[in-house]
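User: I would like to go through this model strand by strand. Please keep the answers short.

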Amino acid sequence: TDPAEPEPDPGDVAVGQAFLDDSFDRETQTGWGSAAKGGEWAIDWGRSNFSTANSKGVIAMKGARSSSSVHSQVINSTSTESLVDMSLDGLAAGNGAYITYVGRQTDAGRYQAEFRVAADGTVTMTVGKKVGDTDTVIGTAEVGKYTAGQPLHLRMDLDGAESTAVRARAWIGDSEPADWQVDKTDDDAALAAPGSVGVSTYMSASAGSGQVNLSVDSLKVTRL
């Protein structure tokens, strides 16, 4: 190696390669353990609700007002694409259940895609950001009607540092839409830094006492 050349960053990867790649091929009783690539998952709250088995990362949503949150190690890029494959084994009553994928979490705030899965299976995606105590909606999309056990997918791009292209599309089943459902540019300098990704869940106050399990089959973050 030419000594004049800088050493490569061990946390960096080539375009199209994965920073984080997890298909949950392990068994844990609490927590999610360590991803196949990308390091250990850190539980924010609700540790006992997390487990892995049968190649799935599971979050047990244990009735009304229950919530859980987990995040990855920092992804060393501001140009990332996330692909998340997940499913629910039931539908929550009342105002339903909320699943949030955080595509970039920094000290200042985050970009995220939140899914509301209503009691009748209607899935709505809201893409937004939070900086400090301020939440801003970037875009929304109606995803479709969900039946327990179906795969629910999210593809989310966050591209750029000085400004960030925020793109997302979600779908139920096997047919990925060709077009982005949300495609906006955000100029918030507070979020122009690498961050972690994560998943959180919340059961509405009217969801009742029944348990619904979220299973994440695969979660991959690549460099754009």
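**Strands, partners and buried polar residues**

Analyst: This is a predicted model. Strands β1 and β15 (residues 211-223) run antiparallel and are joined by 4 bridges.

User: Which residue of β15 stands opposite L20?

Analyst: β1 is joined to β15 by bridges, with the two strands antiparallel. Within this pairing, the residue opposite L20 is V221.

User: How many residues of β1 are buried?

Analyst: β1 covers residues 18-22 and includes D22. D22 has a relative accessible area of 0%, and the cut-off for buried is under 20%, so D22 is buried. The strand is mostly covered, and its buried residues number 4 of 5.

User: With which side chains does the side chain of D22 make polar contacts?

Analyst: D22 touches A35, A36, W41, D217, S218 and L219, leaving aside residues up to four places away in sequence. One polar contact of its side chain, at 2.8 Å, is with the side chain of W41. Another, at 2.7 Å, is with the side chain of R26.

User: Is S82 buried or exposed?

Analyst: S82 lies in strand β6 (residues 79-88). Its relative accessibility is 1%, and buried means under 20%, so S82 counts as buried.

User: With which residue does the side chain of S82 make a polar contact?

Analyst: Beyond four places in sequence, S82 touches Y101, L154, R155, M156, K220 and V221. From the side chain of S82, a polar contact of 2.7 Å reaches the side chain of Y101.

User: What separation do the C-alpha atoms of S82 and S48 have?

Analyst: S82 and S48 are 34 residues apart along the chain. In space, their C-alpha atoms are separated by 26 Å.

User: Which residues touch the most other members of the largest nonpolar core?

Analyst: This core has 50 residues, and the members with the most contacts to others are M125 and L219. The largest share of the core, 5 residues, comes from β15.
Among the residues that D22 touches is L219. The pair asked for is M125 and L219.

User: Which are the edge strands of the open sheet of 7 strands?

Analyst: The order is β2-β5-β14-β7-β8-β9-β10, with antiparallel pairing. Neighbouring strands are turned by 20 degrees against each other on average, direction ignored. Two strands pair on one side only, which makes the edges β2 (42-45) and β10 (134-145).

User: What is the bridge partner of A97 in β14?

Analyst: Strands β7 (residues 97-105) and β14 (residues 196-203) pair antiparallel over 7 bridges. Within β14, A97 has as its bridge partner M203.

Note on methods: Residues numbered from 1 in each chain as written. Predicted model: local features only at pLDDT ≥ 70, side-chain atom pairs only at ≥ 80, totals over all residues. Heavy atoms only, no water. Buried < 20%, exposed > 50% of the residue type's maximum accessible area, 1.4 Å probe, protein only. Polar contact = N/O pair within 3.5 Å; in protein donor to acceptor, adjacent residues only side chain to side chain. Contact = heavy atoms within 4.5 Å. Pairing = 2+ DSSP bridges. Core = buried A, V, L, I, M, F, W, Y, C linked by side-chain atoms within 4.5 Å. Axes fitted to C-alpha atoms, helices over the stretch in contact; angles between N-to-C directions.
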